[in-house]
Amino acid sequence: MIKNNLSEILGRQRLKVRDVVRGTGLAINTVSGLYHDTSKRVDLDTLDKLCTFLGVSVGDILEHIAEPPQG
C-alpha cells in the first residue's frame, strides 16, 4: 500500500492547498486530489515541484507500507 503524507506535511508547515498552488503553479485540482488522497496517479513533474516547494523528498510524500500476507 502507498501512503500519501502530503496533508501531514502541509499541516506541519502550516500551509494550505492554495499556498502550494501559488508556490508551485500546479492546478488546484491536482494539489487538492493529493491532499485528500483521492488521486490514483501522480506525475513525476508534479512530485518534483512539490518536493522543491516543500523542501522534502519523494519518500517523505509517498511511503510504501507492506501489507501482511493474506491467507
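**Exercise 1. Determine which backbone atom the side chain of aspartate 60 reaches, and place this residue in its surroundings.**

Step 1. The side chain of aspartate 60 reaches the backbone nitrogen of serine 57 at 2.9 Å, where a polar contact is a pair of N or O atoms within 3.5 Å, one able to donate a hydrogen and the other to accept it within protein, and residues adjacent in sequence count only if both atoms are side-chain atoms. The model is a predicted one, in which local features need pLDDT of at least 70 and side-chain atom pairs count only at pLDDT 80 or more, whereas totals for chains, interfaces and linings use all residues. Residues are numbered from 1 along each chain as its sequence is written, and side-chain values use heavy atoms, with hydrogens and water left out.

Step 2. Aspartate 60 belongs to helix H5, residues 58–61 (helices, H or I of at least four residues, and strands, E of at least two, are DSSP runs numbered from the N terminus).

Step 3. With a relative accessibility of 38%, aspartate 60 is partly exposed (buried means under 20% relative accessible area, exposed over 50%, and partly exposed in between, with a 1.4 Å probe and protein chains only).

Step 4. Apart from neighbours within four places in sequence, aspartate 60 is in contact with Asn5 and Ile9, contact meaning heavy atoms within 4.5 Å.

**Exercise 2. Characterise the environment of asparagine 5, found in the loop between E1 and H1.**

Step 1. Asparagine 5 has a relative accessible area of 6% and is therefore buried.

Step 2. A polar atom of its side chain lies 3.3 Å from the backbone oxygen of aspartate 60.

Step 3. When residues up to four places away in sequence are not counted, asparagine 5 touches Asp60, Ile61 and Glu63.

**Exercise 3. Identify the buried residues of helix H3, residues 28–35, and describe how they are arranged.**

Step 1. The buried residues of H3 are Val31, Gly33 and Leu34. Viewed down the axis of H3, they fall within an arc of 160°, so they line one face of the helix, the arc being that of the directions from the helix axis to the C-beta atoms.

Step 2. These buried residues pack against strand E1 (2–4) and helices H1 (6–12), H2 (17–24) and H4 (44–54).

Step 3. After H3 comes aspartate 37, whose phi is positive, near 60°.
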